[in-house]
Amino acid sequence: MSQKIKIRLYFNKNLSDIEEFSPEEAQVHYLNNVLRIEDNTIIAGFDGQSGEYAFMVKKNGKKKLTLLRQEKLREFYSSPDLWLLFAPVKKDKTDFIIEKACELGVRKIIPTITEHTISDKVRLERYQAQAIEACEQCRRLDIPTIDTPVELRKLLANWPSERKLYYMDETGEGQNILTAFNPKFQKAAILVGPEGGFAEQELHMLAQQEFCQGVSMGKRILRAETAVAAALSCWQALCGDWLNKGE
Ligand code: SAM
């Protein structure tokens, strides 16, 4: 049933005990004027906390609309406990990173400022809007949190030591990905460096931490956004939820 419903929206409220409600103005505009939705259409709604539900659209003039809750479509479940730490790059490439991190089931995203990070303009609101759109599209039930940017040094100083931190090391010094990604560590994070790569002292600092593991993805140097998608895919295949079937 859930897959047959074409329109799927995130609502920032607990939907578990709501019989009917009027969505925010921007969502009403989207449904009415962009999608030109018809009265009685069934859409899917999820809240990132209790699951996914069917809603019937009741139009009320051109500017108003109410959603009537129908059956529950899916129980809530979270994405694996995987974090992505990435050094912000140019605008469209960061957009790509946020979108792919959502599709690839990351639970938290932390923009990380390293020595060679060239773009320090971090547009949190934009990232959050993109994350919601990507989650709506890929049928996720949770929305990843996106932290405010933090410097790598500070991040390491406050790191929760039970969480494995895999840093993707382009120098070839890291472990082979197959042996490095260990399913024993279900709390994990993946760190990808900036376009200019990690500074030597950063690699040294990372190598010193017990919770860190350097990882190599072979001889070819990948662009940061490719490295993000490749590393997250490998982790999901070896340690995450790709072993579970879909609905
Ligand atoms: N400027 C660097 C150079 O030419 O050596 C390349 C940096 S690369 C564009 C950006 C990030 O992607 C790296 O810091 C690393 O985290 C990741 N990356 C790229 N290729 C990789 C590889 N073969 N193995 C591991 N990580 C890689």
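Start by colouring the two domains: the assignment puts domain 1 at 8–75 and domain 2 at 82–243. Keep in mind while you click around that this is a predicted model. Drop a centroid on the C-alpha atoms of each domain and you'll find the centres of domain 1 and domain 2 33 Å apart.

Next, select the seam between them. Ten residues on the domain 1 side are in contact with eight residues of domain 2. Together the two domains bury about 770 Å² there, and carbon and sulfur atoms account for 59% of that area. For a quick look at domain 1's share, show R8, Y10 and F46 as sticks: they supply 60% of the area that domain 1 buries against domain 2, more than any other three residues.

Now hop over to the ligand and select its shell, which holds 20 residues. Label the closest ones: M168, E195, M217, R220 and L222. Colour the shell by class and you get ten nonpolar, five polar and five charged residues.

Time to turn on distances. Which end of E170 should you pick, side chain or backbone? Go for the side chain: one of its polar atoms sits 2.9 Å from an oxygen atom of the ligand. For E195, pick the backbone instead, where a polar atom is 2.9 Å from a ligand nitrogen. Then move to G196, whose backbone has a polar atom 3.5 Å from a nitrogen atom of the ligand.

Switch on a surface next. On its own the ligand exposes 580 Å², and the protein buries 84% of that. Finish with a cartoon view and highlight β13 (212–216) and α7 (224–238), the elements that give two or more residues to the ligand's shell.

Notes
Residues numbered from 1 in each chain as written. Predicted model: local features only at pLDDT ≥ 70, side-chain atom pairs only at ≥ 80, totals over all residues. Heavy atoms only, no water. Near = heavy atom within 4 Å. Polar contact = N/O pair within 3.5 Å; in protein donor to acceptor, adjacent residues only side chain to side chain. Areas by Shrake-Rupley, 256 points an atom, 1.4 Å probe, with all protein chains shown as cover. Helix = DSSP H or I, 4+ residues; strand = E, 2+ residues; numbered from the N terminus. Nonpolar A, V, L, I, M, F, W, Y, C, P; charged D, E, K, R; others polar. Domains from an automatic or database assignment. Contact = heavy atoms within 4.5 Å. Buried area = accessible area lost by both parts, 1.4 Å probe.
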